[in-house]
Amino acid sequence: MNPLEAALEDVHTLLHNAAARSGRPSASLLAVSKTQPASRIRALAEAGQRAFGENYVQEALGKIAELVDLDLDWHLIGPLQSNKCREAAEHFGWVQSVDRAKIIEPLARFRPAALPALNVLIQVNVDGEASKSGCAPADIEALAAAIAAQSRLRLRGLMSIGAPYEDLAQRRASFRRMHALFLALQAEHPQIDTLSMGMSEDFELAIEEGASMVRVGSRLFGSRPAKPV
Ligand SMILES: *Cc1c(COP(=O)(O)O)cnc(C)c1O
């Protein structure tokens, strides 16, 4: 077994165990491939991984083109600038980082007619961090209504990037707040099915608190340079 296959198997075991421990359904795994070359994404895809997350539209486009033969699921998980909405809508299957009204209409308008509706998550700044993207919890409802009004978008749920608290109890509390926000939104939009939260350091905790999708980078690919090349 090569190291990527072994890491993938380890993460699957941890996902499964966290779900079993907490009596929750297992979560789906998004492999976060920012800074990773297409060759390593291909290797992980050959080991069975289908869904990949990228932070930067520009960085992702070359890899998406190079790996088109694999028909992978691409998720945009980084901040989306208005001038990148067209490329995001044309090349990704999911945008997890919708956090303001301004980008909703362009994402819908530029979604190619030949493709299914673009899957969308609302990113929530659940810990109220000044430096972070994501909407305030109070804005979720209005954004959800605006997304639901677009036939070329499909509202799937919520996403958060928790604050990197050292204290795991604080991380758990953030995940729990997100789960409550998710349930409240689901009461209005019963079709939503995705709560994306938890990364390499804390995805087991996130599953215990109701994540349906976890986003794992370094635990699969190894540590990465601070900035993309
Ligand atoms: C980088 C990143 C991840 C993965 O982080 P790891 O700690 O490497 O697992 C998940 N989500 C987002 C939004 C990221 O930017």
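Twelve names make up the ligand's surroundings in this predicted model: V32, K34, N55, I77, I161, M199, S200, R215, V216, G217, S218 and R224. Sort that shell by character and you get 5 nonpolar, 4 polar and 3 charged residues. Away from the ligand, a search for aromatic pairs across the whole structure turns up 1, and R109 sits over the face of F110.

**Ligand contacts**
- S200 uses its side chain here: one of its N or O atoms is 2.5 Å from an oxygen atom of the ligand.
- R215 also brings in its side chain, with an N or O atom 2.9 Å from a nitrogen atom of the ligand.
- G217 works through its backbone instead, placing an N or O atom 2.8 Å from a ligand oxygen.
- On its own the ligand has 390 Å² of accessible area, and the protein covers 90% of that.

**The aromatic pair**
- F52 and W74 are the partners, with ring centres 5.9 Å apart.
- Their planes meet at 40 degrees; tilted pairs are those that are neither under 30 degrees (stacked) nor over 60 (edge-to-face), so this one counts as tilted.
- The pair ties together distant parts of the chain, 22 residues apart: F52 belongs to strand β2 (residues 51-54) and W74 to strand β3 (residues 73-76).
- Buried or exposed, what are F52 and W74? F52 is buried, at 0% relative accessibility, and W74 is buried too, at 5%, because the cut-off for buried is under 20%.

**A charge over a ring**
- R109 lies 4.8 Å from the ring centre of F110, over the ring's face.

Conventions:
Residues are numbered from 1 along each chain as its sequence is written. This is a predicted model: local features need pLDDT of at least 70, side-chain atom pairs count only at pLDDT 80 or more; totals for chains, interfaces and linings use all residues. Side-chain values use heavy atoms; hydrogens and water are left out. A residue is near a molecule or strand if one of its heavy atoms lies within 4 Å of it. A polar contact is a pair of N or O atoms within 3.5 Å; within protein, one must be able to donate a hydrogen and the other to accept it, and residues adjacent in sequence count only if both atoms are side-chain atoms. Accessible areas come from the Shrake-Rupley method with a 1.4 Å probe; for residues, only the protein chains shown count as cover. Ala, Val, Leu, Ile, Met, Phe, Trp, Tyr, Cys and Pro count as nonpolar, Asp, Glu, Lys and Arg as charged, and the others, Gly among them, as polar. Rings of Phe, Tyr and Trp (its six-membered ring) pair if their centres lie within 6.5 Å; planes under 30 degrees apart count as stacked, over 60 as edge-to-face and the rest as tilted. Helices (H or I, at least four residues) and strands (E, at least two) are DSSP runs, numbered from the N terminus. Buried means under 20% relative accessible area, exposed over 50%, partly exposed in between (1.4 Å probe, protein chains only). A charge sits over a ring if NZ of Lys or CZ of Arg is within 6 Å of the ring centre and within 35 degrees of the ring normal.
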